[in-house]
Amino acid sequence: MTAAAPSAVTLTDVSRRYGSGSAAVTALDGASWSAPTGAVTAVLGPNGAGKTTAVECAVGLRRPDAGSVTVLGVDPATAGAEHRARVGVMLQSGGLPNGTRPLRLLEHLAHLYADPADVGETARRLGIHDFARTTVRRLSGGQKQRLALAAALLGRPDVLFLDEPAAGLDPHGRLDVWDIVEEQRDRGVTVVVTTHSFEEAERLADHLVIMSAGRTVAAGPPAEVTRDAPLENVYFGLTRKGRA
Ligand SMILES: Nc1ncnc2c1ncn2[C@@H]1O[C@H](COP(=O)(O)OP(=O)(O)OP(=O)(O)O)[C@@H](O)[C@H]1O
């Protein structure tokens, strides 16, 4: 048996609610999972399971109400700029400034890092030159996603969080994303990908996490989680009863 790889990302008993009183929503309800260093971890779970909230806690955008999160050995909520430069993030909400053009934005972002990835090459890998003259406001959903992924890669991160990076992309775009995830992993980057795609999880994941209703219902190497059953079946078996 090989020793388990150390974890670059660890969530321990993390709880997080939104709102208060009768309107409160429990997004994370004691979730625990980790992402092994230099591997791809796929986080699956139904809509509202808490995947995005977990990622937002891991990148320091939200603080847990209870429990702890560690990324590269530190608490992301209080970590400084040096830590943040080591973490790349692509969120579903994008957060791209509307008035700018793709290459100008990437060049601006690249200046924020001491040793950025090459802007032209990153843009080429993601087909961004095809829409380089269009302002962000006018980009299609898939084009915005490609740009957001490029932005996440620019700092040559050690840990990369990708929240549904291939959702809504055309088949070429999906393949580009998968190739990039595999390239990053081959470079030793720890990649955490949230997804609704069994195909994506099966293709990419060295480690699987299944969440349901704010909790972790399965985690481990794919073979351990599925025990040779189709991932789909395992997923439905674990998450169906968690649904309203
Ligand atoms: N900013 C917010 N304010 C209030 N409730 C929120 C907020 N963000 C998320 N929630 C709620 O928290 C729960 C978990 O949401 P989250 O986005 O983390 O789930 P998810 O697993 O990423 O879902 P999806 O697959 O739909 O992206 C949901 O019930 C959601 O409605």
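This is a short chat about a predicted model.

Me: What do the numbering and confidence rules look like?
Reply: Residues count from 1 along each chain as its sequence is written. The model is predicted, so local features need pLDDT of at least 70, side-chain atom pairs count only at pLDDT 80 or more, and totals for chains, interfaces and linings use all residues.

Me: Which strands make up the open sheet, and in what order?
Reply: Three strands, ordered E2-E1-E4, with antiparallel pairing. Strands (E, at least two residues) and helices (H or I, at least four) are DSSP runs, numbered from the N terminus. Two strands pair if DSSP finds at least two bridges between them.

Me: Why do E2 and E4 have one side without a neighbour in the sheet?
Reply: E2 (25–36) and E4 (66–71) are at the edges with a single partner strand each, so one side of each has no neighbour in the sheet.

Me: How many bridges join E1 and E2?
Reply: Nine, with E1 covering residues 7–18. Leu11 has Trp33 in E2 as its bridge partner.

Me: Switching to the ligand. Which element gives the largest share of its shell?
Reply: H1, with three residues. Shell residues have a C-beta atom, placed from the backbone, within 6 Å of the ligand. Among them are Tyr18, Lys51, Thr52 and Thr53. E2 also gives two or more residues.

Me: How does the shell divide by residue type?
Reply: Four nonpolar, seven polar and one charged. Ala, Val, Leu, Ile, Met, Phe, Trp, Tyr, Cys and Pro count as nonpolar, Asp, Glu, Lys and Arg as charged, and the others, Gly among them, as polar.
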